[in-house]
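This report examines a single protein chain through its strand pairing, its packing and its confidence values. The sequence and structure are shown first.

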Amino acid sequence: MRVDLPAYIPLTASGKQVAAAPPARRFPRSASCFRFNRGGRRGAAARVSGDYRPVAMYVYSTDGDPVGFVFETNIYDLKGVPLGRIVGCRVHRFDGTYVGEWFRDMVVRRPQGRPRLIPPAPMPPRRPPMPASYRLRAVVDYGYQDAFPSLREGA
């Protein structure tokens with residue numbers, strides 16, 4: 001149902017004209033767009049031509065190699081072993097110890113980081129292994145030290 005707005009909108013008590021929000025525009029979906037399944041038992045998946053393939057949010061080392069993935073707020077290595085969790089921009093092990101900061105899909109040690117202990121959290125179950133990305137991420141040296149190996153030490 002389409003509602004046509006009048007050409008003239010009367011002035012309010014303050015003398016300003018009320019601007020109505022334009023009606024929402026719906027763009028047609030193309031057949032080539034991806035549909036994402038968020039959450040669920042199998043995690044995120046992209047539907048491509050009828051079949052579902054896993055979609056990972058990878059965690060990268062400062063060298064550009066994929067070293068793990070994120071599911072919900074938990075960080076796993078590529079074998080599916082839970083290593084830690086992201087709380088805001090901080091990364092902690094499940095025992096509550098501070099590891100580093102979450103920065104541009106990496107776990108790094110930043111001098112601006114404010115380490116603190118948080119209460120321990122139960123370790124989630126293992127996830128199915130995620131295949132490594134077939135190409136390296138572009139490497140940009142931000143000057144931060146990689147903290148992902150110290151996340152593995154607590155596993």
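## Strand pairing around strand 6

In this predicted model, strand 6 and strand 7 are paired in the antiparallel sense through 3 bridges. Within this pairing, I75 stands opposite G84 of strand 7. The two strands form a hairpin with 4 residues between them, and G80 in the turn has a positive phi of about 95°. L78 belongs to the loop between strand 6 and strand 7.

Strand 6 also pairs with strand 5: the two run antiparallel and are joined by 4 bridges. F69 has Y76 as its bridge partner in strand 6. Strand 5 and strand 6 likewise form a hairpin, with 2 residues between them. Both faces of strand 6 are covered, since N74 and Y76 on one side are buried, as are I75 and D77 on the other.

## Overall organisation

The protein contains 1 helix and 11 strands. Along the sequence, these elements follow the pattern β-β-β-β-β-β-β-β-β-β-β-α. Of the 155 residues in the protein, 33% are buried. Among contacts with a separation of 6 or more, 50% are between residues 24 or more positions apart.

L78 offers an example of contact across the sequence. Its C-alpha lies 6.9 Å from that of A132, although the two residues are 54 residues apart in sequence. Beyond four places in sequence, L78 is in contact with Y58, P66, V67, G68, F69, P129, M130 and A132.

## Nonpolar cores

The largest nonpolar core comprises 13 residues, and those with the most contacts inside it are V59, I75, V91, W102, V107, F148 and L151. Two or more residues of this core come from each of strand 5 (66-71), strand 7 (82-87), strand 9 (98-103) and helix 1 (148-153). Another core, of 11 residues, lies apart from it and includes F69, Y76, F103 and Y144.

What surrounds V91, leaving aside its neighbours within four places in sequence? V91 is in contact with I75, R85, I86, T97, Y98, V99, G100, E101, W102, V107 and L151.

## Aromatic and charged side chains

The whole structure holds 4 aromatic pairs. One of them is formed by F69 and Y76, whose rings are stacked at 5.3 Å centre to centre, with 15° between the planes. Both of these residues, F69 and Y76, are buried.

F103 and Y144 form an edge-to-face pair, because their ring centres are 5.2 Å apart and their planes stand at 90°. F103 is in strand 9, while Y144 is in the loop between strand 10 (106-109) and strand 11 (145-146), so this pair ties together parts that are 41 residues apart in sequence. F103 and Y144 are both buried. Together with Y142, F103 and Y144 make up one aromatic cluster.

A charged group is also placed against an aromatic ring: the charged end of R127 sits over the ring of F71, at 3.8 Å from its centre.

## Backbone conformation in two loops

Which residues in these loops have a positive phi without being glycine? One is E72, with phi near 55°, located in the loop between strand 5 and strand 6. E72 has a relative accessible area of 62% and is therefore exposed.

Another is D105, with a positive phi of about 65°, in the loop between strand 9 and strand 10. D105 has a relative accessibility of 27% and so counts as partly exposed.

## Confidence of the model

The mean pLDDT of the protein is 75, with 61% of its residues at 70 or more. Among the elements, strand 6 (residues 74-77) has the highest mean pLDDT, 95, and strand 1 (residues 35-37) the lowest, 41.

Over residues 27-43, pLDDT stays under 50, and the model has 18 contacts beyond four places in sequence for this stretch. Where pLDDT is low, predicted coordinates should not be read in detail.

Technical notes: Residues numbered from 1 in each chain as written. Predicted model: local features only at pLDDT ≥ 70, side-chain atom pairs only at ≥ 80, totals over all residues. Heavy atoms only, no water. Core = buried A, V, L, I, M, F, W, Y, C linked by side-chain atoms within 4.5 Å. Buried < 20%, exposed > 50% of the residue type's maximum accessible area, 1.4 Å probe, protein only. Contact = heavy atoms within 4.5 Å. Phe/Tyr/Trp six-rings, centres within 6.5 Å; stacked < 30°, edge-to-face > 60°. Lys NZ or Arg CZ within 6 Å of the ring centre and 35° of its normal. pLDDT = per-residue confidence, 0-100. Pairing = 2+ DSSP bridges.
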